[in-house]
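Grab a pencil and get ready for a few short exercises. Take a look at the picture, then work through the steps with me.

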Amino acid sequence: MASLSDRLKALGVQLGAGDLAPKQPAATQAFGIEQVVPGRVQLTDFGEAYVVEHFIPADEPHGQHLLRFPEAMQRMAAWAGDTRLALIPAERFLFLDTEATGLWGSGTMAFLIGIGRFEAGGFRCVQLFLREPAEERAMQAVLDHAITPDDALVTFNGKSFDLPLLANRYLANGQRSPLRELPHIDLLHIARRLWKDLLPSRALGDLEAQLLGITRTGEDLPGWLLPQLFMDYMHTGDARPLAGAFYHNRMDVVSMASLLEHIARKLETPMELVQHGSEMAAIGRLLADTGFAEEAIQVFQGTLSMELPDDKRGQLLERLAALFRRRGNYEAALQLWQQAAEDGQVYAHVEIAKYYEHKTREYTLAMEYTVTALKVVRRKRPTNFERVHWEPQLEQRVARLEKKLGR
């Protein structure tokens with residue numbers, strides 16, 4: 001397979017400064033964007049905008065799966081903190097990705113905006129391309145027309161990049177971004193939460209390959225290279241290297257749709273779909289943090305039968321016991337605390353001591369667990385964080401229990 005360097009050289013992209021020379025516009029007129037990436041010119045009140053469309057039929061696989069909208073979005077909506085997301089129909093979800101002229105700055109522009117929607121019979125990706133900076137307002141007008149106030153937005157790192165970028169460009173043109181008030185799911189953040197302990201990278205391209213079975217073709221180009229290719233196009237008019245930018249952007253948009261369904265399905269039915277302990281534990285933590293306590297308990301209990309590192313298993317026992325305690329099931333919590341106490345966990349001794357002191361008023365047992373915890377803590381160095389944190393509390397508990405025992 002030809003290297004990226006070879007492919008770029010074949011397209012006329014200069015990788016160094018040694019043999020740069022003035023370009024001859026006449027030599028590249030046959031390679032304008034219209035010839036390289038067929039599309040249409042859309043006339044707006046602000047001039048022309050260049051639009052490229054790609055439709056994926058519902059029966060055409062994307063990687064290992066067909067493109068489908070999630071059957072249920074309740075748990076995804078709870079994670080995003082916006083219940084509207086569970087009620088919005090599939091066709092109102094807008095998947096958005098931008099390619100920009102740089103990482104950030106007042107002069108940074110989006111030269112390619114990809115948006116995708118589910119519709120009858122499949123999924124449609126529409127790409128808006130900035131043939132020249134003067135067409136930016138026309139491109140924004142097409143984007144405005146594609147968005148309604150009833151839409152929901154799905155991005156990958158959109159909170160930190162795409163949305164601020166577009167808001168800045170709208171502001172530069174005296175407009176307000178139509179994306180500001182839409183319910184929003186940023187898939188990067190939930191991907192980091194679910195797979196930080198399982199996958200070495202949570203970049204979209206890596207998630208595609210490792211979770212969705214997607215392999216990009218040799219047409220794809222790395223995102224970091226695209227700004228330079230666009231700037232080269234501005235100077236030369238030769239759009240051939242930008243074909244890979246359109247492919248890259250389109251794949252990002254389509255893969256977001258596939259990833260949304262993948263995540264939502266796992267959140268709804270983790271016991272059937274998840275096979276790795278760290279992933280199951282992460283889903284349990286997410287469910288617990290978003291108010292699905294009973295579901296989280298089931299997931300945590302299922303995780304205990306899976307392979308986990310000792311420290312992760314200890315954290316799991318602590319979280320599961322806390323859920324049982326909050327729901328008033330002290331018998332189940334006590335069993336887990338006793339397991340953790342056998343492993344030398346100070347917090348477990350403390351929780352058991354609290355239980356015997358305040359719930360059953362068995363002060364002798366409470367004292368035994370408190371004294372044992374104090375011995376464990378004092379075996380650590382005086383500067384150890386755990387000792388600094390627990391020793392004063394445990395000494396106070398011993399003093400209080402001695403009074404209750406009449407000593």
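**Exercise 1: a charged pair.** Which kind of link joins the side chains of R84 and D82?

Solution. Before we start, you should know that this is a predicted model, where local features need pLDDT of at least 70, side-chain atom pairs count only at pLDDT 80 or more, and totals for chains, interfaces and linings use all residues. Residues are numbered from 1 along each chain as its sequence is written, and side-chain values use heavy atoms, with hydrogens and water left out.

- Step 1: R84 and D82 meet in a salt bridge, 2.7 Å from N to O. That term means a side-chain nitrogen of Lys or Arg within 4 Å of a carboxyl oxygen of Asp or Glu.
- Step 2: Side chains of opposite charge can pair when their charged atoms come close.
- Step 3: D82 has 15% relative accessibility, so it counts as buried, while R84, at 43%, is partly exposed. (Buried is under 20% relative accessible area, exposed over 50%, partly exposed in between, with a 1.4 Å probe and protein chains only.)

**Exercise 2: bridging distant parts.** Find out where R131 and its partner E34 sit in the chain.

Solution.
- Step 1: R131 and E34 form a salt bridge, with their closest N and O atoms 2.9 Å apart.
- Step 2: R131 lies in the loop between strand 7 (122-129) and helix 5 (136-146), whereas E34 is in helix 3 (residues 33-36), so to speak 97 residues apart. Helices (H or I, at least four residues) and strands (E, at least two) are DSSP runs, numbered from the N terminus.
- Step 3: R131 is buried at 13% relative accessible area, but E34 is partly exposed at 34%.

**Exercise 3: the surroundings of R117.** What does the side chain of R117 make polar contact with, and how far away is it?

Solution.
- Step 1: Locate R117 in strand 6 (residues 110-119). With a relative accessible area of 15%, R117 is buried.
- Step 2: Its side chain makes a polar contact with the side chain of D151 at 2.5 Å. (A polar contact is a pair of N or O atoms within 3.5 Å; within protein, one must be able to donate a hydrogen and the other to accept it, and residues adjacent in sequence count only if both atoms are side-chain atoms.)
- Step 3: A polar atom of the R117 side chain also lies 3.1 Å from the backbone oxygen of E91.

**Exercise 4: helix 10 and the core.** Does the length of helix 10 agree or disagree with what you'd expect?

Solution.
- Step 1: Helix 10 (residues 243-268) has 26 residues, and the expected span is 1.5 Å times one less than the number of residues.
- Step 2: That gives 38 Å, and the end C-alpha atoms are 38 Å apart, so the two agree.
- Step 3: Of the 26 residues in helix 10, 23 are buried, so the helix is largely enclosed by the rest of the structure.
- Step 4: The largest nonpolar core has 87 residues, and F93, F95, L187 and L259 have the most contacts inside it. Helix 10 gives the most to this core, with 11 residues. (A nonpolar core is a set of buried Ala, Val, Leu, Ile, Met, Phe, Trp, Tyr and Cys residues joined through side-chain atoms within 4.5 Å.)
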